[in-house]
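Here's a quick briefing to read alongside the structure. Take a look at the picture first, then work through the points below.

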Amino acid sequence: MVELLMAPLNAGPPRLNTDLSHQMVILVWVMFVGAIFVLSKFVWQPILNALSRREIDIRSSLAQATNAKKIAAEAEQKQKQIEIDAAVRAREIEAHAVATARTFWSKLAADAEENAEAVRKEAEQGIARARQVAEEELRRNTAVLAVQMASQILQKEVSADNAQAFTDKMIDSLA
């Protein structure tokens with residue numbers, strides 16, 4: 001060791017002691033075997049246990065991921081089925097609403113026609129009554145007018161004797 005430190009003072013390359021003795025080889029082997037024993041006893045087993053736990057955790061995580069993927073695929077399939085069912089139900093509701101609207105519209109149109117027919121009949125009856133009343137009033141007015149005209153004509157043309165005979169004749173024809 002000192003030689004290595006003194007190497008810069010001695011001009012030349014440093015020399016290493018490469019002379020190995022049997023004791024040194026045995027000592028190295030004993031140290032190597034001892035290191036293996038200590039490592040296997042205190043370090044190797046905990047490392048193997050940690051690796052084993054990690055492997056179990058990874059397998060468990062992979063199984064969970066596979067299960068989650070399967071569940072997600074099932075959920076997606078259910079979602080698609082729900083969307084399909086919802087679309088079908090929406091079409092059914094729409095068809096029902098259209099049918100209900102048509103039924104309502106038909107009933108409303110029938111009711112309107114019935115009401116219109118009733119109003120038309122009532123109007124026709126009202127017109128017929130008004131016509132009857134007008135005809136009767138016209139007849140009365142015409143009769144009154146005819147009587148007045150006849151009275152005036154008779155007053156001018158018939159004398160008192162003729163008037164009495166005419167009145168008697170008319171009363172006899174009415175009886």
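## How confident is the model?

This is a predicted model, and helix H1 (residues 2–6) has the lowest mean pLDDT among the elements of the protein, at 50, while H2 has the highest, at 88. Averaged over the protein, pLDDT is 83, and 80% of the residues score at least 70.

**The overall picture**

- The protein has 3 helices and 0 strands, so if you read along the sequence you get the pattern α-α-α.- Helix H2 spans residues 22–157.
- Buried residues make up just 1% of the 175 residues in the protein.
- The accessible surface comes to about 16400 Å², and carbon and sulfur atoms account for 64% of that surface.

**A nonpolar patch on the surface**

- Which residues form a nonpolar patch on the surface? They are Phe37, Val38, Leu39, Phe42, Val43, Trp44, Ile47, Leu48 and Leu51.
- Together, these residues have about 890 Å² of accessible area.
- Let's pick out Leu48, one of the patch members. Leu48 sits in helix H2.
- Leu48 has a relative accessible area of 36%, so it counts as partly exposed, the class between the 20% and 50% cut-offs.

**One aromatic pair**

- How many aromatic pairs turn up in a search of the whole structure? The search finds 1.
- That pair is Trp29 with Phe32: their ring centres are 5.9 Å apart and their planes meet at 90°, so the pair is edge-to-face. The angle matters here because planes over 60 degrees apart count as edge-to-face.
- Both Trp29 and Phe32 belong to helix H2. They're 3 residues apart, which is about one turn of the helix.
- Is Trp29 buried or exposed? Trp29 is exposed, because its relative accessible area is 54% and the cut-off for exposed is over 50%.
- Phe32 has a relative accessible area of 45%, so Phe32 is partly exposed.

**Salt bridges**

- Here's the general idea: side chains of opposite charge can pair when their charged atoms come close.
- A search of the whole structure finds 5 salt bridges. The next few points walk through some of them, including the one between Arg59 and Glu55.

*Arg59 and Glu55*

- The closest N and O atoms of Arg59 and Glu55 are 2.7 Å apart. That counts as a salt bridge because the cut-off is within 4 Å.
- Arg59 and Glu55 are 4 residues apart in helix H2, so about one helical turn separates them.
- Arg59 is exposed, with a relative accessible area of 55%, whereas Glu55 is partly exposed at 39%.

*Glu76 and Lys80*

- Glu76 forms a salt bridge with Lys80, and their closest N and O atoms are 3.7 Å apart.
- Helix H2 holds both Glu76 and Lys80, and they sit 4 residues apart, about one turn of the helix.
- Glu76 is partly exposed at 43% relative accessibility, and Lys80 is partly exposed at 43% too.

*Arg120, Glu124 and Glu117*

- Arg120 pairs with Glu124 in a salt bridge, with the closest N and O atoms 2.4 Å apart.
- Both Arg120 and Glu124 lie in helix H2. Once again the gap is 4 residues, about one turn of the helix.
- Arg120 is partly exposed, with a relative accessible area of 38%, and Glu124 is partly exposed at 43%.
- Which residues are linked in a network of salt bridges? Glu117, Arg120 and Glu124 are.

Conventions: Residues are numbered from 1 along each chain as its sequence is written. Side-chain values use heavy atoms; hydrogens and water are left out. Patches are made of residues with over 30% relative accessible area and no salt bridge: like charges are joined within 9 Å, nonpolar side chains (Val, Leu, Ile, Met, Phe, Trp, Tyr) within 5 Å. Accessible areas come from the Shrake-Rupley method with a 1.4 Å probe; for residues, only the protein chains shown count as cover. A salt bridge is a side-chain nitrogen of Lys or Arg within 4 Å of a carboxyl oxygen of Asp or Glu. Helices (H or I, at least four residues) and strands (E, at least two) are DSSP runs, numbered from the N terminus. Buried means under 20% relative accessible area, exposed over 50%, partly exposed in between (1.4 Å probe, protein chains only). Rings of Phe, Tyr and Trp (its six-membered ring) pair if their centres lie within 6.5 Å; planes under 30 degrees apart count as stacked, over 60 as edge-to-face and the rest as tilted. pLDDT is the predictor's confidence in each residue, from 0 to 100.
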